Amino acid sequence: MEYIKPKLIAEIGCNHKGDINIAKEMIKTAAIYCKADAVKFQKRCNHELLTPEQYAMPHPNPINAYGKTYGEHREFLEFRVDQHRELKEYCEQMEITYSTSVWDLTSAKEIVELSPSFIKIPSACNNHYRMLEWICDNYGGEIHVSLGMTTRGEEEKLIKLFEDRGRAGDLVIYICTSGYPVPFKDVCLLEISRIKDTYGGRVKRIGFSGHHLGIAVDVAAYTLGASVIERHYTLDRTWKGTDHAASLEPEGIRKLKRDLMAAYDALHYKEKEILDIEAAQRDKLKYKEH
């Protein structure tokens, strides 16, 4: 098995708390200190995504709310398109890839105008077929899709949609369990093997989007064949917000990148029976018949 160099995405999501200066600090830290390959935000048109009733209802967990209603909370955390353009330019300055998850057709159209190198479809929207079709027909970069809370029939329908539109060669699918945080028993890492066996020859790459604690599981995911690893990322896990508890702080992202690269360097067969590093030790230590 030949391993592809791992790609680590630090998902900022909405962990910037609606503050573009915090978002830029997160980009800078992810690029310079953590050595992540990409950062990812989220884009929603809340009046399109939410019903009037959902928009007006209170946040289900008021301690995490940034507004009186769930709609106001979501609007507080939302960046405008011009702010996303500013963040993308800052990513380019910091030499890290910018990307965004899109949750609705309006957001997809707005982000496509920025021409990011890849766009993400979250698990919640991987059955928004009208949006997926529009992206396939109007966007030329990689399209990444998470498979959390998705049936096997829905998986096949999704892959078929991309194949029918000639875009499966740009499709990266992520194994994911949709929970925050996810206990280890529910990570179900062997789904990577199933997805790889089923779709590995039909899509570009396999990824893993983890909402668990720690970083050991991500390295295991890579060894099973997930060459793109995505983890939620925050500057402080105690900040107000739903995702912070399932996020890694900068030290965690940095160590995960280090460990993924160590695994990448180690995952191959011996080039010869006795490696050069072993030769001197063999002469010194190997048992010799007297």
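What percentage of the 290 residues of the protein chain count as buried? In this predicted model, the figure is 51%. The accessible surface of the chain comes to about 14,300 Å². Carbon and sulfur atoms supply 53% of that surface.

The protein chain is built from 12 helices and 8 strands. Its radius of gyration is 21 Å, close to the 19 Å that the globule rule gives for 290 residues, so the chain is as compact as a globular protein of that length. Along the principal axes, the C-alpha atoms fill a box of roughly 90 × 45 × 40 Å. Contacts in the chain were also sorted by sequence separation. Among those with a separation of 6 or more, 68% join residues 24 or more positions apart. Charges were examined as well. The chain carries 41 positive and 44 negative charges. The mean positions of these two sets are 2 Å apart.

Strand β7 spans residues 205–210. Buried residues make up 6 of its 6 positions, so the strand is largely enclosed by the rest of the structure. Both faces of β7 are covered. On one side, R205, G207 and S209 are all buried. On the other side, I206, F208 and G210 are buried too. The pairing partner described here is strand β6, residues 171–176. Strands β6 and β7 run in the parallel sense and are joined over 5 bridges. Within this pairing, Y174 has G207 of β7 as its bridge partner.

Residue S146 belongs to strand β5, which covers residues 142–146. Its relative accessibility is 2%; buried means under 20%, so S146 counts as buried. Neighbours within four places in sequence set aside, S146 is in contact with eight residues named here: K120, I121, P122, S123, N126, Y174, C176 and S209. One of these contacts, S209, is a buried residue of β7. Another, Y174, is the residue bridged to G207.

Residue Q93 offers another setting. Q93 lies in helix α5, residues 81–94. Is Q93 buried or exposed? Its relative accessibility is 57%, and exposed means over 50%, so Q93 counts as exposed. Its separation from R152 was also computed. The two residues are 59 positions apart in sequence. In space, their C-alpha atoms are 41 Å apart.

Key. Residues numbered from 1 in each chain as written. Predicted model: local features only at pLDDT ≥ 70, side-chain atom pairs only at ≥ 80, totals over all residues. Heavy atoms only, no water. Helix = DSSP H or I, 4+ residues; strand = E, 2+ residues; numbered from the N terminus. Rg over C-alpha atoms; globule rule 2.2 N^0.38 Å. Buried < 20%, exposed > 50% of the residue type's maximum accessible area, 1.4 Å probe, protein only. Contact = heavy atoms within 4.5 Å. Areas by Shrake-Rupley, 256 points an atom, 1.4 Å probe, with all protein chains shown as cover. Lys, Arg positive; Asp, Glu negative; His and termini not counted. Charge placed at Lys NZ, Arg CZ, Asp CG, Glu CD. Pairing = 2+ DSSP bridges.
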